[in-house]
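I am opening a fresh page for this one. The plan is to look up a hairpin and then some charged pairs, jotting things down along the way.

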Amino acid sequence: MTRIVYVNGEYVREEEAKISIFDRGFLFADGVYEVTSVLGGKLIDFEGHFVRLTRSLSELQMVNPITSEDLLKVHRELVQKNSVVEGLVYLQVTRGVADRDFAFPDDISPTVVMFTQEKSMSESPLAQRGMKVISIDDQRWGRCDIKTVQLLYPCMGKMMAVASGADDAWMVHDGKVTEGTSNNAYIVKNGTIITRELGNEILSGITRSAILRYANVAQMKVEERAFTVEEVISADEAFITSATLFTTPVVEIDGKKIGTGKPGNVSKRLREIYIEESLKTAI
Ligand code: PDD
């Protein structure tokens with residue numbers, strides 16, 4: 001079935017959507033993106049994604065071209081036009097179209113593109129069995145806090161994982177885990193949830209902040225600090241969070257079992273709470 005997508009103010013069939021070959025998103029990966037999940041036909045954490053989008057743009061000297069109200073309207077239109085019950089809305093804003101030059105002109109208008117993708121998320125076989133990860137060197141640039149579309153290294157990392165029979169890669173910088181290729185990383189030790197503190201090395205996950213909030217409410221102990229691969233191996237359990245994977249357990253790293261080698265109780269509980277709360281607060 002053909003999708004209806006959004007390109008610069010218009011809703012068009014996906015095969016009719018066009019972007020210039022001079023778009024700086026295409027030539028320089030000069031753009032940012034957001035992925036907002038749809039559960040029960042409603043958007044999870046829409047406002048959080050909007051705030052992060054505005055921040056990413058501003059860090060790259062771009063102004064958010066769309067208000068929160070208008071963006072919400074487009075998200076809802078797309079969900080409705082494509083009858084999405086469970087899945088995601090992908091949004092990309094690039095600096096726009098200009099002759100190829102590293103220096104960018106400041107008078108170009110941004111390109112705004114959105115599309116939906118159906119994805120089964122609440123019933124996830126991966127959450128049932130738990131993910132296997134490998135550790136790899138984090139070779140990304142120094143501003144991983146900005147959600148840019150330059151995702152080649154994470155793609156290569158994911159392929160390294162798949163080639164070795166794993167599901168994902170956890171990246172390591174200066175001996176400490178930063179994050180997964182497209183998710184935030186956590187371990188649990190003696191009942192304490194440990195996840196890297198925010199900084200330029202990781203993305204400030206919208207799901208991360210929801211999970212830490214829910215963990216606090218449930219009176220679980222949380223420590224925001226970096227951890228080593230050795231700590232992962234000796235942890236009681238491990239998990240990841242992202243908009244589309246919610247909380248998903250990690251049961252193995254570099255071929256070594258974490259804890260019992262089965263999804264742990266803390267991550268299972270957090271996943272339940274996350275789905276329950278998201279269904280309540282989705283708009
Ligand atoms: N990825 N870290 C990285 C590097 C990510 O790409 C993502 C999200 C996250 C989690 O952020 P959030 O909880 O806001 O989804 C952390 C999205 C889902 C993607 O690229 O598809």
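These entries follow what I looked up in this model, which is predicted.

**Entry 1, the hairpin.** I started with strands β1 (residues 4–7) and β2 (residues 10–13), which run antiparallel and are joined by four bridges. I then looked up who faces V5 across the pair, and found V12 in β2 standing opposite. Two residues lie between the strands of this hairpin, and there N8 takes a positive phi near 45°.

**Entry 2, salt bridges.** Next I asked how many salt bridges the structure holds. The count came back as 19.

I picked D30 and R24, whose side chains meet in a salt bridge at 2.7 Å, N to O. Are these two buried or exposed? D30 has a relative accessible area of 8% and R24 one of 4%, so both fall under the 20% cut-off and count as buried.

**Entry 3, a link across the chain.** I moved on to R55 and D145, which form a salt bridge with their closest N and O atoms 3.0 Å apart. This pair links distant parts of the chain, 90 residues apart: R55 sits in helix α2 (residues 46–59), and D145 in the loop between β7 (131–137) and α5 (152–163). R55 is partly exposed at 38% relative accessibility, whereas D145 is buried at 7%. I also noted that salt bridges sharing partners join R55, E59, R143 and D145 into one network.

**Entry 4, one more pair.** Last, I looked up R140, which forms a salt bridge with D138, the closest N and O atoms being 2.9 Å apart. Both R140 and D138 are buried.

Notes. Residues numbered from 1 in each chain as written. Predicted model: local features only at pLDDT ≥ 70, side-chain atom pairs only at ≥ 80, totals over all residues. Heavy atoms only, no water. Pairing = 2+ DSSP bridges. Salt bridge = Lys/Arg side-chain N within 4 Å of Asp/Glu carboxyl O. Buried < 20%, exposed > 50% of the residue type's maximum accessible area, 1.4 Å probe, protein only.
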